[in-house]
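User: Please take a close look at one part of this model, a single residue and what surrounds it. Then relate that site to the rest of the chain in one connected account.

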Amino acid sequence: MSKTLLIVLSIAVVALTGAGCTTTDNANTNSNANATVASDTTRPGPDQSEITTSVDANGVKTETRVFHNNPRVAKVVVTTRDGKRTTTVYAPSGETKDLKDDFGDALSATGNAIAEGAGWVANKTVDVADKTKEGVKTVGEKTGEAAKTVGEKTAAGAKTVGEKTAEGARKAGKAIKKAVTP
């Protein structure tokens, strides 16, 4: 009987020890799961943007700057891993470019400066249309001025021709009168 009791007690001790280990393992798993959750903070950025910073369990820091009203840049992601920083720029079209290390701080630069650093050319269509409109206006004004000048000169010329013709007719009339009258 004592042998049976000893076996039962041994099984109970092993079962309780195993249960205790399982509880400890679950606690460790839960604490590890909590450690992998990134900490996020969001703050307003310059140039109508918003910057979200997160750090994962491995210490990798990711800063994402989202532009709300920039036609050339949608967002910039700056990742710092083991002291090395990489910066990726995203266009509204989905195109991506990595900025060079000598660019500077993409988290404080203007959207247009970031787009130029990525090598994206600004949309010149609006500028060209405005300049064309301005050029057409100038041409119209110059044409109007030229027409006015030509008209004035034509009128002045016609007046001069008329005066000269009248003067010539008077002289001719006098000459005829002298020739006819003895």
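Analyst: Leaving out residues up to four places away in sequence, R72 touches A91, P92, N112, A115, E116, W120, V121 and A122. The model is a predicted one, and the contacts of R72 are to be read in that light. R72 itself sits in the loop between β3 (61-67) and β4 (75-81).

R72 is buried but has no salt bridge. The nearest side chain of opposite charge belongs to E116, at 4.0 Å. The R72 side chain does make a polar contact of 3.4 Å, with the side chain of N112. N112 and E116 are both also among the residues that R72 touches.

Where, then, are the salt bridges? The whole structure has two of them. One joins the side chains of K61 and E63, with an N to O distance of 3.9 Å. Its two ends differ in exposure: K61 is partly exposed, at a relative accessible area of 34%, whereas E63 is buried, at 8%. The other joins D105 and R85, with 3.2 Å from N to O. D105 is in the loop between β6 and α2 (111-117), while R85 is in strand β5, so this salt bridge ties together parts of the chain 20 residues apart in sequence. Both of its ends are partly exposed: D105 has a relative accessible area of 35%, and R85 has 37%.

A118 offers a second view of the stretch after α2. This residue lies in the loop between α2 and α3 (125-180) and is buried, with a relative accessible area of 9%. Apart from neighbours within four places in sequence, A118 is in contact with K97 and L99. The C-alpha atom of A118 is 9.3 Å from that of F103, a residue 15 places away along the chain.

The loop that holds R72 belongs to a sheet, which is the next thing to describe. Six strands form this open sheet, ordered β1-β2-β3-β4-β5-β6, with antiparallel pairing. Its edges are β1 (39-45) and β6 (96-99), each of which pairs on one side only. From one strand to the next the twist averages 20 degrees.

On either side of the R72 loop, β3 and β4 run antiparallel and are joined by six bridges. T62 stands opposite T79 of β4. β3 also pairs with β2 (residues 49-55), in the antiparallel sense and over seven bridges. Within that pairing, T53 has E63 as its bridge partner in β3; E63 is also the buried end of the salt bridge with K61. Five residues separate β2 from β3 in their hairpin, and G59 in the turn has a positive phi of about 85 degrees.

Further along the sheet, four bridges join β5 (residues 84-90) to β6, and these two strands run antiparallel. Y90 has T96 as its bridge partner in β6. A91 and P92, both touched by R72, follow Y90 in the numbering.

At the other end of the sheet, the loop between β1 and β2 contains D47 and Q48. Neither residue is a glycine, yet phi is positive in each: near 65 degrees for D47 and about 55 degrees for Q48. Are these two buried or exposed? D47 counts as partly exposed, at 40% relative accessibility, and Q48 as exposed, at 52%.

The site can now be placed in the chain as a whole. The chain contains three helices and six strands, in the pattern α-β-β-β-β-β-β-α-α along the sequence. Of its 182 residues, 16% count as buried; R72, E63 and A118 are among them. Among contacts with a separation of 6 or more, 22% are between residues 24 or more positions apart.

To return to the starting point, R72 is a buried residue without a salt bridge, placed in the loop between β3 and β4. Its side chain has a polar contact with that of N112, and the residues it touches include W120, V121 and A122.

Notes. Residues are numbered from 1 along each chain as its sequence is written. This is a predicted model: local features need pLDDT of at least 70, side-chain atom pairs count only at pLDDT 80 or more; totals for chains, interfaces and linings use all residues. Side-chain values use heavy atoms; hydrogens and water are left out. Two strands pair if DSSP finds at least two bridges between them. Axes are lines fitted to C-alpha atoms, for helices over the stretch in contact, and angles run from 0 to 180 degrees between N-to-C directions. Buried means under 20% relative accessible area, exposed over 50%, partly exposed in between (1.4 Å probe, protein chains only). Lys and Arg count as positive and Asp and Glu as negative; His and the chain ends are not counted. A polar contact is a pair of N or O atoms within 3.5 Å; within protein, one must be able to donate a hydrogen and the other to accept it, and residues adjacent in sequence count only if both atoms are side-chain atoms. Contact means heavy atoms within 4.5 Å.
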